[in-house]
Amino acid sequence: MPKSLPIHPDDVRKPGLLEFDPIPLCTYDKTVAEERGRYASEDLVRVYRDMVMLRAFETMLDQVKRKGQYADIPYDHKGPAHLSIGQEAASVGQALVLGIEDHIFGSHRSHGEILAKGLSAIARLDVDGLMGIMKRCHDGATLAVVEGGAEGDARSLAVDFLLYGTLAEIFGRETGFNRGMGGSMHAFFTPFGVYPNNAIVGGAADISVGAAMFKRINRKPGIVICNIGDGSLGCGPVWEALCLATMDQYRTLWDSDLGGGLPFILNFVNNFYGMGGQPVGETMGLGVLARLGAGINPDQMHSERVDGYRPLAVADAIQRKRAILEEGRGPVLLDTLTYRYTGHSPSDASSYRDRSEVEEWQEQDSIVDYGAELVEAGLADDAALAAIREDCERRVTRVYKLATDLDLSPRADLYHVGCLLDRTMFSETTIESMEEGRQPETLLSKEDNPRVKQIAGRSRSGLDENGQPLPKGRCVALRDALFEAILDRFYEDPTLVAYGEDNRDWGGAFAVYRGLTEALPYHRFFNTPISEGAIVGSAVGYALEGGRALVELMYCDFLGRAGDEVFNQLAKWQAMSGGELRMPVVLRVSVGSKYGAQHSQDWTALCTHIPGLKVVFPATPYDAKGLMYSALLGSDPVVFFESQRIYDQPEIFHTGGVPEGRYTVPIGMPDVKRSGKDLTIVTIGAALYRATEAAATLDTRHGLSAEVIDARSLVPFDYEPVLESIRKTGRVLIASDACERGSMAQTIAATITRLAFDHLDAPPVVVGARNWITPPDEIEDSFFPYASDILDAIHTEIVPIKGYDARRPANHSEMIRRARLGI
């Protein structure tokens with residue numbers, strides 16, 4: 001889209017051949033003895049210790065799952081345990097050369113990566129830093145369990161702390177790293193650089209790209225590594241992550257002093273199986289996974305296959321690729337070969353592979369081979385290696401006893417009011433700036449912004465001094481109100497970024513962002529690929545790292561393309577972290593009309609159904625600006641619905657129109673837009689205007705006084721203003737542009753029935769869109785609820801309107817007929 005990058009036909013139509021460079025395959029050929037000058041002797045020995053620790057830890061879990069006990073102590077672990085026995089060298093070799101500022105994201109099979117990165121962090125941190133981390137974790141509760149009876153120095157204590165915190169999390173204990181709310185597949189510990197692991201296959205891919213974006217945009221040190229399995233290559237989010245990670249604009253359009261390409265390694269932990277499916281020869285066609293990089297960008301992503309059975313080969317690859325990232329030539333793709341001896345999970349009988357195949361890999365066991373190399377290099381003898389194995393098994397046994405003791409390691413009590421999940425579904429924090437003290441980067445002052453100047457010449461209200469409507473073009477519209485809040489926050493929070501499809505230059509598909517291109521540098525406001533999943537997933541990663549993201553999906557209908565990222569990632573990480581993480585992300589989606597079945601749907605019900613998301617749907621400029629301020633000041637994920645029907649709508653309800661300065665509208669509080677005494681109408685989104693039209697008709701033609709309440713927010717939602725109205729009117733109708741079946745309007749109706757039953761003179765009635773596809777614009781008035789549909793429902797189901805003839809049937813027989821037909 002930028003005019004600075006013209007596309008010339010003579011260039012792109014030129015004949016020729018596209019050539020590829022050779023891709024290295026398992027080329028590392030050094031011995032431990034040869035690496036003694038590169039690594040300290042104690043670090044080379046520690047590699048063995050760490051691999052043995054990982055093996056001992058997961059062998060314990062394997063026995064618990066298969067035998068129901070370990071060390072003669074029974075325990076029934078009902079949760080999952082996806083083990084990586086056999087893959088230890090790949091995890092330990094990677095962690096050996098990573099610093100605390102280097103962050104890893106992983107998969108459901110990441111116990112080993114957690115421990116390896118944690119053990120590496122313990123070796124690198126100073127004692128005061130280690131003790132501080134342990135004491136701050138849950139105010140010392142996790143540390144207190146392992147301190148009693150611990151032997152050795154602070155680093156030894158930290159090893160037990162790491163093992164225990166991880167195991168307690170796997171066992172769902174409140175002393176686990178994530179208070180037991182993450183469990184085996186989601187455990188992590190950010191103080192050691194271990195970021196969320198993901199139970200959704202490939203789910204970490206786009207999230208980790210967002211983490212790398214945060215480091216690049218905010219000039220933070222370190223690299224980001226995403227460790228996902230070879231089977232994840234069949235997942236759409238992984239491909240979208242590749243597209244987002246390799247955008248040319250990092251080097252062509254972003255300021256050069258930011259550093260160029262992302263500091264990101266996409267590391268495929270290639271154990272040759274995706275559950276029971278075999279990507280090589282069966283479910284995919286790559287043969288060698290490393291070849292993928294050749295098709296992604298001209299650098300071929302610096303792709304390489306690494307022998308993950310040799311820990312120092314992995315460490316060597318990470319060091320070499322880090323140098324590439326530090327030169328701004330990232331990202332990088334690694335195909336790290338390894339093999340899991342156990343099944344996908346302990347319930348997996350490995351019926352898809354011969355036992356001889358497993359035995360063949362076990363004969364080349366990385367721990368045995370590396371130990372032999374240590375002995376050959378004179379760094380250890382057999383007795384020293386045996387002592388290491390004994391110490392690891394002793395530590396694992398000790399933390400197993402602690403983690404299975406309910407008195408020492410209790411589970412969270414989720415039955416009492418105000419329980420852990422009550423407190424952590426939302427963080428409910430107001431944060432002016434995600435990084436205090438840093439000046440936001442902008443290109444011009446707000447006062448010099450051309451759109452700010454344009455808006456300054458418009459009326460803040462849609463009504464003149466006599467209460468008559470002004471021409472829309474002379475007024476501050478809903479899109480302008482959104483712009484004002486967004487622009488202000490860009491000048492207040494240096495971490496705030498906005499991106500999506502057609503954002504920059506175009507100004508967004510519906511002109512909300514016009515004026516931002518002139519105001520902001522590329523790295524704070526940019527276009528992305530048409531990758532809805534990665535747009536949202538990267539925002540999750542950006543927020544997990546400590547930033548604030550405003551992302552847009554353009555049409556509500558595109559939520560389906562980002563379903564996992566919205567419903568499983570954005571919504572869940574605050575609670576799955578036990579309240580340790582925040583998620584300051586605002587996701588803008590617009591509800592369309594005119595564009596037919598795939599571009600004109602209201603999917604508010606999908607978002608309100610998922611716990612962990614705040615959902616708002618303002619219908620007036622005043623509310624849109626105030627709610628956007630609240631969303632961009634908060635620490636929770638907000639899905640911000642906007643109606644395309646009313647982007648040009650001026651303010652006609654709030655006295656004085658849209659205030660010029662900053663103000664907030666509380667998320668969760670409905671607002672009375674028109675007072676009345678005979679009937680309550682609750683509206684969602686743009687249905688407000690058709691409801692007020694119906695209310696005016698009732699008043700002027702039929703002598704009925706309707707009170708109209710605009711929901712404004714859907715989650716959370718304070719019912720008290722609605723109940724107060726119903727106590728006065730005794731009747732209620734809920735109107736929305738969403739299809740009526742399963743809508744949020746139905747949820748509100750059902751809740752009102754329970755809360756206000758004794759005050760109702762008639763059952764609550766829902767008027768929504770028909771349960772059809774959205775028809776073309778020329779006939780869509782038959783689909784969406786208009787004033788006549790609201791009047792029909794009132795007349796037929798609530799109170800007969802004298803002299804009124806319904807436009808189309810809305811009685812019980814018609815409801816039964818439509819339900820029988822599924823429409």
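1. Let's start with a sheet. In this predicted model, six strands make up an open sheet with parallel pairing, and their order is 4-3-5-6-8-7. Strand 4 (194-197) and strand 7 (304-307) lie at the edges; each has a single partner strand, so one side of each has no neighbour in the sheet. On average, neighbouring strands here are turned by 25 degrees against each other, direction ignored.

2. Now zoom in on one pair from that sheet. Strand 6 (residues 264-270) and strand 8 (residues 332-337) run parallel and are joined by six bridges. If you want a spot to look at, find Leu-266, which stands opposite Leu-333 in strand 8.

3. Next, try a pair of helices. Helix 5 (residues 127-136) packs against helix 7 (residues 154-170) at an angle of about 35 degrees, and their axes are 10 Å apart. The crossing is left-handed. Helix 5 contributes Val-127, Leu-130, Met-131 and Met-134 to the contact, while helix 7 brings Ala-154, Arg-155, Leu-157, Ala-158 and Phe-161. Of these contact residues, eight are nonpolar, one is charged and none is polar.

4. There is also an open sheet of five strands, in the order 15-17-16-19-20, and its pairing is mixed. Its edges are strand 15 (671-674) and strand 20 (765-769); each has a single partner strand, so one side of each is left without a neighbour in the sheet.

5. Two details go with this five-stranded sheet. Strand 15 and strand 17 (residues 706-710) run antiparallel, joined by three bridges, and Asp-671 has Asp-710 in strand 17 as its bridge partner. Helix 26 (residues 744-755) lies across strand 19 (732-739) and strand 20, at about 155 degrees to strand 19.

Technical notes
Residues are numbered from 1 along each chain as its sequence is written. This is a predicted model: local features need pLDDT of at least 70, side-chain atom pairs count only at pLDDT 80 or more; totals for chains, interfaces and linings use all residues. Side-chain values use heavy atoms; hydrogens and water are left out. Two strands pair if DSSP finds at least two bridges between them. Helices (H or I, at least four residues) and strands (E, at least two) are DSSP runs, numbered from the N terminus. Axes are lines fitted to C-alpha atoms, for helices over the stretch in contact, and angles run from 0 to 180 degrees between N-to-C directions. A crossing is left-handed if the near helix is turned anticlockwise from the far one by less than a right angle, and right-handed if clockwise. Contact means heavy atoms within 4.5 Å. Ala, Val, Leu, Ile, Met, Phe, Trp, Tyr, Cys and Pro count as nonpolar, Asp, Glu, Lys and Arg as charged, and the others, Gly among them, as polar.
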